[in-house]
Amino acid sequence: MLADVGTILTGLGLLSSAYAFFAVSWSIRSDDQRWWESGRNAVVAAAAVLGLAIVALLVAFLGDQFSIDYVAQHSSRDLPLYLKASAVWGGQDGSLLLWAFLQALFAALVLARPSRETQPLVAWVTVLMSLITTFFVAVTLFLSNPFAPAPIVPADGQGLNPLLRHPGMIFHPPAMYLGYVGLAVPFALGLAALITRRIDEWPAAARPWTLAAWLFLGLGLLLGMRWAYDVLGWGGYWGWDPVENAGLMPWLTATALLHALVMQDQRGGFRWWSMSLSLLSFLLVLFGTFTTRSGLIQSVHAFARSPLGPYFLAAMAVTLLGSLWLFYRRRRLLSTPESSEELFSREGMFTLTLVLFLTITASVLIGSVLPTLTEALTESRFEASPAWFDRVTGPQFAALVLVMGVCPLLGRAVAALRRLRQQGLPTLAGGLIVPAWAGLAGFTRPLSLVGFAVVGLAGGTAVGEVARGVLRRTRRGEGPLQALWRVFGRNRRRYGGYLVHLGVILMAVGVIGTRFYTVETEAVLGTGQSVDVEEYSLVFEELEHDSQSEPAATRAYISVYRNQSHLGTLRPRMDQYSDFHQTAAVPAVRTELRQDLYVVLAGWSEGGAQATLKIFINPLAAFLWLGGLVFMAGGAITLWPEPRVARLSEPQARRRRAWSTAALVVGLILLALTAWLMWGNTQMTTASTRLPAQGEGTPAAPSGSRPRVGEPAPDFSVELLDGSPFTLSEANEDVAVINFWSPDCQPCLDELPDLQAVWKEYQRRGVAFVGISLPNLKQDVRDTVSELGVTYPMALDTMTPVEYGITGVPETYLVGSEGEVAYVHIGPVSAQRLSQELEALLAE
Amino acid sequence: MKGKTKLVVAGLLIVAAVAYLIVTSTGSTAHYFLTIEEVRELGEEAWERRLTISGAVLGETIDYDPSQPRVTFTIAQVPGDPKEVERAGGLAKVLHDAVNSPDAPRMEVVYDDVKPDLLQHESQAIIRGQLGQDGKFHADEVLLKCPTRYEEGIPGQAEES
């Protein structure tokens with residue numbers, strides 16, 4: 001039933017978009033307004049019915065309609081709701097339907113509120129966009145229909161691949177598709193501009209669409225990278241796989257296109273460049289879809305060979321030949337009016353930038369098809385390893401960043417050197433300070449220092465430009481914050497652009513750090529044993545196996561110390577999916593600005609008494625994600641329309657301001673969401689404690705000497721704060737809780753009220769409590785205890801922590817009725833966890 | 001026109017530099033992409049080269065020692081040419097046939113690393129590494145794909161180990 005509805009809706013979408021194509025074409029030919037109106041309605045109708053088809057597919061997923069083959073293959077009953085919803089684009093059929101819908105939606109959006117520049121192009125754009133939509137809907141309906149019935153209706157679906165069950169993977173595909181679809185708009189606008197001979201309107205009309213598409217592609221790539229880092233557990237984020245490259249290439253050409261459009265808009269010229277780049281971007285979108293489904297690329301990640309390949313190849317051929325023919329017919333229009341052709345002018349540098357983007361794209365393309373290519377040229381088949389890509393594209397990216405630093409300093413064809421002397425101070429400063437800082441911080445390999453210097457030059461320029469803008473305003477008496485706000489607000493394109501550059505530079509720092517300095521080691525640890533990796537000590541505390549849940553999860557608790565200071569507990573995890581016969585190792589990451597500590601639980605032996613860990617230290621990795629956020633923020637600022645309020649009437653202006661505010665709010669929410677996707681999912685507790693300063697008998701216990709669970713707890717006698725004695729073996733209770741803490745450790749202070757609450761509940765049930773503070777001023781301890789209302793016995797002691805092998809605070813021990821250690825908790829313990837353990841002990 | 005010439009020369013220099021990079025990198029860092037059969041044919045010559053081989057994983061041969069960590073497994077010959085795979089009835093069928101054919105050339109693989117999540121019976125393995133003088137293939141990197149079940153849903157680097 002639902003399947004029929006979906007198929008019919010898709011069919012209606014096909015009819016509407018095909019009708020729109022013919023009706024609008026006819027309206028152009030006959031100059032008949034009625035056909036135009038009718039075609040316009042058909043475009044909106046196509047978007048609406050395809051939207052309903054998506055809803056139908058969504059309902060099918062949410063309602064577990066396994067009579068539909070696609071649903072049966074990509075969902076199952078036990079999947080959480082949000083994953084069922086995202087499974088809509090979990091495979092090829094559904095993602096093509098989404099693509100078709102977005103294509104129709106964008107066609108409708110171009111129509112909905114055409115800007116002044118778009119107005120004269122809108123009829124032809126509608127023709128072209130309808131044609132593209134028709135192609136995608138037809139491919140979906142006839143070759144890859146997600147509503148096709150299942151040959152046998154299974155009782156339950158096959159489920160979603162475990163590796164895809166991650167928030168990053170929910171947003172990654174739609175972001176990529178929005179980018180792909182968006183790149184069709186500037187292309188269609190370009191052809192329309194050529195046909196109507198209105199090429200000067202084109203840059204302004206195409207810019208916002210290109211920018212939006214480019215931002216979405218960037219977001220998609222970023223989320224994909226973060227997903228790989230968070231989920232796949234190989235320590236990296238980019239593997240130069242052909243499928244990743246297929247997404248990267250259109251992004252590269254779109255970046256070039258944006259720059260060409262800016263130059264065409266500001267200085268004239270660059271018409272050939274921008275027109276061919278828009279064609280190339282669109283072709284690469286088709287090419288990516290084609291290669292990943294055609295078997296041309298030998299990739300483990302390619303989609304299964306499907307009948308789609310030849311159709312995409314045909315579409316590419318038609319697009320290429322049609323466009324080239326049109327370019328040829330309009331070659332006079334495309335030939336550039338006089339502009340500066342000096343090498344060291346802004347135009348010259350922009351040209352070199354574009355050349356570099358093209359050579360990088362070409363390198364990536366060649367690398368992706370190298371096996372096929374070398375087999376055709378020579379006898380043997382070569383395959384491009386990640387090292388190949390690093391070696392080939394690394395210098396090119398470096399050159400690009402260098403040009404990025406130099407370019408804004410070059411004005412029109414004026415003497416470049418003089419300008420460099422006047423305004424180049426931040427650039428040079430950046431070029432010196434960044435490598436110096438990196439060298440002092442221990443990043444001393446020569447090649448990476450060159451990289452840091454280049455990055456510093458470019459970063460200095462970007463920061464310098466913004467600072468100059470702010471300074472100009474503060475000299476006129478504006479406050480610094482207001483000046484900063486206005487610099488970005490009044491010239492969004494320019495300063496948003498600098499912010500994007502700054503984001504790219506930050507990302508470059510992350511790339512250099514992770515490519516040159518990553519440390520990777522493996523360790524096999526028994527319970528309580530530790531391993532030192534660089535400045536970290538990692539102690540394997542215990543393995544926790546939860547076989548009840550699906551997937552069955554096994555967690556390793558790894559205490560992390562640096563200079564005997566307990567940094568936190570990492571919990572890398574291994575999930576076992578019984579229905580998939582697959583395991584998924586989910587890494588735990590501790591992020592600092594300087595480096596990420598990245599731990600993977602790779603296996604265990606001896607019944608869990610021994611764990612195999614894979615440990616990575618990824619220097620400067622945080623800069624990658626930080627740069628990504630700055631990049632997105634900068635992009636959002638450039639996309640945010642300039643307020644041309646002055647020329648508008650009051651209600652119009654008010655509406656414009658309301659839109660502007662709404663856009664700001666949406667932008668901020670998106671950024672927050674991105675930030676959450678970046679950092680919200682890593683597997684670790686955030687405890688951070690420091691032992692008191694060395695000296696005066698600070699327990700410098702070597703890790704590993706603490707009594708294990710089951711071993712007798714060391715007996716001790718201490719003097720409590722009120723002067724009375726406390727001896728563990730004489731506590732006359734069934735169970736004892738010993739909490740080691742220190743008043744200068746915030747997590748300890750956080751957990752004290754929890755401990756107090758548990759003590760209140762259990763003190764009459766045979767549970768003794770004692771808190772032992774590490775050496776401190778007695779008065780500090782007294783003050784803290786009375787301030788927090790802690791009433792259980794409390795002592796200050798030096799020896800006991802040593803006997804218990806305390807490596808950091810807080811730590812909590814449970815001692816059973818036989819005087820044995822029953823449970824150890826590293827880091828702050830929650831009331832819930834403690835009660836749970838106590839209940840279990842008391843039940844024995 | 002002088003400015004334009006300079007610009008064109010600069011552009012050509014970049015293109016030439018990139019072409020040089022591509023050619024030399026292909027010589028130095030690219031891997032020979034071979035099938036098991038082709039590796040066997042190379043004989044001793046194969047010892048010195050960096051190779052990428054692909055094959056079908058035999059599930060019962062997978063042996064994982066997490067205390068090393070070290071994985072060993074055996075792969076069976078599959079054709080390297082996509083067209084040949086297509087003629088034989090698709091990748092899933094080729095992999096299935098390969099593991100069930102006692103005549104298909106096989107190769108033992110040693111991978112001193114943790115066991116990849118997707119290493120299982122009949123998955124397609126693409127392995128980068130070197131052929132040791134012991135006749136075993138010593139892998140630096142193992143990429144995997146299971147065509148029977150996940151052929152569509154895995155984007156990005158899902159199988160990277």
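Which handedness, left-handed or right-handed, does the crossing of H1(A) and H2(A) have? In this predicted model, the crossing of these two helices of chain A is left-handed. The axes of H1(A) and H2(A) lie 7 Å apart and make an angle of about 160 degrees. Angles over 145 degrees count as roughly antiparallel, and H1(A) and H2(A) are therefore roughly antiparallel to each other. The residues in the contact between H1(A) and H2(A) comprise 23 nonpolar and nine polar ones, with no charged residue among them.

The overall composition of chain A is as follows. Chain A contains 26 helices and 18 strands. Of its 844 residues, 53% are buried. Among the contacts in chain A with a separation of 6 or more, 74% join residues that are 24 or more positions apart.

Two loops between helices contain a residue with a positive phi. Helix H1 spans residues 2-30 and helix H2 residues 33-62 of chain A, and Asp31(A) is placed in the loop between them. The phi of Asp31(A) is near 60 degrees, a positive value in a residue other than glycine. Asp31(A) has 9 other C-beta atoms within 10 Å and is exposed. Arg197(A) lies in the loop that separates helix H7 (167-196) from helix H8 (202-232) of chain A. Although Arg197(A) is not a glycine, its phi is positive, at about 60 degrees. Is Arg197(A) buried or exposed? A residue counts as exposed if 12 or fewer other C-beta atoms lie within 10 Å of its own; Arg197(A) has 10 and is therefore exposed.

A buried position is found in helix H13 of chain A, residues 346-368, which includes Thr351(A). The threshold for a buried residue is 20 or more other C-beta atoms within 10 Å, and Thr351(A) counts as buried because it has 24 such neighbours. Thr351(A) touches Leu7(B) and Gly11(B), residues up to four places away in sequence being left out. Between Thr351(A) and Leu752(A) the C-alpha to C-alpha distance is 64 Å, and the two residues are 401 residues apart in sequence.

The strands of chain A include a four-stranded open sheet. Its order is E2-E11-E10-E9 (chain A), with antiparallel pairing. Strand E2 (519-526) and strand E9 (588-591) of chain A are the edge strands, each pairing on one side only. From one strand to the next, the twist averages 20 degrees. Within this order, strand E10 (residues 595-605) and strand E11 (residues 610-619) of chain A run antiparallel and are joined by ten bridges. Tyr598(A) has Phe616(A) in E11(A) as its bridge partner.

A five-stranded open sheet is formed in the order E16-E15-E14-E17-E18 (chain A), and its pairing is mixed. The edges are strand E16 (794-796) and strand E18 (821-826) of chain A, each of which pairs on one side only. Neighbouring strands are turned against each other by 20 degrees on average, direction ignored. Strand E14 (residues 735-741) and strand E17 (residues 811-815) of chain A run antiparallel, with five bridges between them. Opposite Asn739(A) stands Thr812(A) in E17(A). A helix also accompanies these strands: helix H26 (residues 831-843) of chain A lies across E14, strand E15 (767-773), E17 and E18 of chain A. The direction of H26 is at about 150 degrees to E14(A).

Further antiparallel pairing involves strands E3, E4 and E5 of chain A. Four bridges connect strand E3 (residues 530-533) with strand E4 (residues 536-546) of chain A, and these two strands run antiparallel. The bridge partner of Ser530(A) in E4(A) is Val539(A). E3(A) and E4(A) form a hairpin with two residues between them. In the turn of this hairpin, Glu534(A) has a positive phi of about 50 degrees. E4(A) is also joined by ten bridges to strand E5 (residues 552-562) of chain A, again in an antiparallel arrangement. For Tyr536(A), the bridge partner in E5(A) is Arg562(A).

Methods. Residues are numbered from 1 along each chain as its sequence is written. Chains are lettered from A and ligands numbered from 1 in the order in which they are written. This is a predicted model: local features need pLDDT of at least 70, side-chain atom pairs count only at pLDDT 80 or more; totals for chains, interfaces and linings use all residues. Two residues are in contact if their C-beta atoms, placed from the backbone, lie within 7 Å. Axes are lines fitted to C-alpha atoms, for helices over the stretch in contact, and angles run from 0 to 180 degrees between N-to-C directions. Angles under 35 degrees count as roughly parallel, over 145 as roughly antiparallel, 65 to 115 as roughly perpendicular and the rest as oblique. A crossing is left-handed if the near helix is turned anticlockwise from the far one by less than a right angle, and right-handed if clockwise. Ala, Val, Leu, Ile, Met, Phe, Trp, Tyr, Cys and Pro count as nonpolar, Asp, Glu, Lys and Arg as charged, and the others, Gly among them, as polar. Two strands pair if DSSP finds at least two bridges between them.
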